[in-house]
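New to this one? Take a moment to look it over before reading on.

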Amino acid sequence: ENETNLHIAIALIGACAALIGLSMSHGVWKSFGEFDTCSLAPVYRLPLDSKHDHSLRSCIPNATQTISDGVTVSECDPRYQSPSSTVTPAPSSMSNSFAELLSSMPTGATGLFQGDVSASLSGTVPSEIGYYTNMLGIFLENNPLLEGSLPSQLGMLGANLESPFGWCDCSLSGSIPSQLGSFSNLYEGFLLDHSFFTGSLPTELGNLGRLENFLALDDNHLSSTIPSELARLSVLEYNLYLSSNRFTGTIPTEFGSLAPSFTSDLWFNFNELTGACPSELGRLLQLTRGLYINTNLLSQGLPSELGDLSKLTGVLWCEMNPLSSTLPTQLGKLPLHEWFGVDYNKITGPIPTEIGKMPFEYALSMSTTSLSSSLPTQLGALDKMFAARFRLSWLSSRRPCGTQAHPTEEITRCTQVPFSDPKTQSFCTMKYPL
């Protein structure tokens with residue numbers, strides 16, 4: 001929440017000698033610039049998942065050495081001595097050179113998978129990989145020392161490649177080669193997520209005509225517009241991830257014509273997309289898991305056609321956009337069980353009474369909007385919901401829930417549980433400004 005707390009958190013993490021993983025994600029560090037991370041040295045061997053957050057600009061020390069009495073210090077500790085001293089540094093993590101690994105493989109190899117590699121890979125990807133044309137699948141993940149760009153020669157694998165093509169959680173950078181669109185028989189997993197790719201998405205990725213699930217390009221530095229050609233993935237059923245990049249422009253209306261069988265997770269969130277949310281997305285009639293458009297620059301109102309997503313039981317997340325207008329009453333037709341979020345928007349008008357018909361079991365979130373009027377009593381029907389979050393400064397009476405501020409018993413019957421009971425929180429999580 002503020003820089004002081006962030007420094008405290010860093011110090012506490014450094015004191016946790018038994019940590020097995022550490023994730024730093026989604027803008028946590030964005031406001032704070034560079035700061036001292038030396039106290040993370042005791043856990044430097046962790047698989048550090050910071051690629052979700054490209055705003056972390058301080059380095060995590062990776063050089064340590066053992067001094068007297070078994071004390072380990074980092075390279076930014078004043079007691080640390082240069083490697084030329086007589087003190088023996090702590091052993092570093094082992095890694096394999098990708099070039100050496102490739103040269104040891106027979107040219108007829110049919111697969112390259114992380115489970116077959118004894119240690120993480122380092123170096124760059126040689127162009128010679130294109131000569132291994134019998135490859136049916138490549139899946140390499142969690143190789144932070146694997147750097148450089150993907151060679152265009154990978155396109156020589158062409159129609160032989162079937163499943164998967166994955167280079168996620170590496171330090172690869174540069175543009176995505178257009179030649180990768182030649183994988184015409186790839187049916188499962190095009191995975192370049194959690195890396196540092198830049199530039200625009202090649203339109204040729206729309207030629208992956210047999211891809212059935214997982215087009216994952218999230219958590220990179222990709223920019224420019226989202227190519228409408230991706231909507232040509234006519235058999236894609238699951239998981240199209242474009243989140244946490246720097247995409248600009250509008251969401252292509254052609255995504256409403258994505259595969260008729262597309263059912264799970266469409267992620268446009270954490271970008272710089274503008275314009276309106278396309279009404280055509282309401283044509284994704286088989287979508288069940290989630291539609292994420294949050295944390296963009298989308299304006300105008302939510303289209304009423306989103307209410308036609310009659311199988312969307314998971315998540316509709318629209319928060320942190322300058323969305324305006326009113327909430328369409330048609331959204332009350334959605335069978336959402338998990339999450340409906342419109343926090344931090346410019347939506348005006350009343351909360352539609354139809355929202356009370358949704359079968360929520362987790363959360364309804366409408367903090368910091370410009371909604372007017374009072375809470376509709378129909379929201380009292382949401383008695384299975386775990387949490388509701390409102391910050392409704394427009395309420396004429398600003399008292400905690402469960403008091404006489406509520407208009408009827410229908411709304412208060414969701415609040416007859418202790419505030420301290422985390423398993424049964426519902427409307428008692430609402431907080432009104434003093």
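What follows is a short tour of confidence, core, and a few backbone oddities.

**How far to trust it**

This is a predicted model. The protein chain has an average pLDDT of 74, and 61% of the residues reach at least 70. Two stretches deserve some care. Over residues 43–62 the pLDDT is below 50, though the model gives this stretch 73 contacts beyond near neighbours in sequence. Residues 84–94 also stay under 50 in pLDDT, and here the model has 15 contacts beyond four places in sequence. Where pLDDT is low, the predicted coordinates shouldn't be read in detail, so treat the contacts of residues 43–62 and residues 84–94 loosely.

**The core**

Nonpolar side chains tend to be buried together in soluble globular proteins. Here, the largest nonpolar core has 77 residues. Which of them have the most contacts inside that core? They are Trp167, Phe190 and Phe340. The elements giving two or more residues to this core are the helix α2 (98–103) and the strands β8 (137–143), β10 and β22 (363–366).

**Backbone oddities**

Most residues other than glycine have a negative phi, and most peptide bonds are trans. A few spots here go the other way. The peptide bond from Ser163 to Pro164 is cis, with omega near -20°. Where does Pro164 sit? Pro164 is in the loop between β9 (145–146) and β10 (165–170), and β10 is one of the elements that feed the core.

Then there are two residues that have a positive phi without being glycine, Ser224 and Met320. Here they are side by side:

| Residue | Phi | Loop between | Relative accessibility |
|---|---|---|---|
| Ser224 | about 65° | β15 (221–222) and β16 (238–241) | 35% |
| Met320 | about 60° | β19 (315–317) and β20 (339–341) | 43% |

Are they buried or exposed? Neither label fits: buried needs a value under 20% and exposed needs one over 50%. Ser224 has 35%, so Ser224 counts as partly exposed. Met320, at 43%, is partly exposed because that value also falls in between.

**A polar pair by β15**

β15, the strand at one end of the Ser224 loop, holds His221. Is His221 buried or exposed? With a relative accessible area of 15%, His221 is under the 20% cut-off, so it counts as buried. The side chain of His221 also has a partner: a polar contact of 3.1 Å joins it to the side chain of Arg246.

Note on methods. Residues are numbered from 1 along each chain as its sequence is written. This is a predicted model: local features need pLDDT of at least 70, side-chain atom pairs count only at pLDDT 80 or more; totals for chains, interfaces and linings use all residues. Side-chain values use heavy atoms; hydrogens and water are left out. Helices (H or I, at least four residues) and strands (E, at least two) are DSSP runs, numbered from the N terminus. Buried means under 20% relative accessible area, exposed over 50%, partly exposed in between (1.4 Å probe, protein chains only). pLDDT is the predictor's confidence in each residue, from 0 to 100. Contact means heavy atoms within 4.5 Å. A polar contact is a pair of N or O atoms within 3.5 Å; within protein, one must be able to donate a hydrogen and the other to accept it, and residues adjacent in sequence count only if both atoms are side-chain atoms. A nonpolar core is a set of buried Ala, Val, Leu, Ile, Met, Phe, Trp, Tyr and Cys residues joined through side-chain atoms within 4.5 Å.
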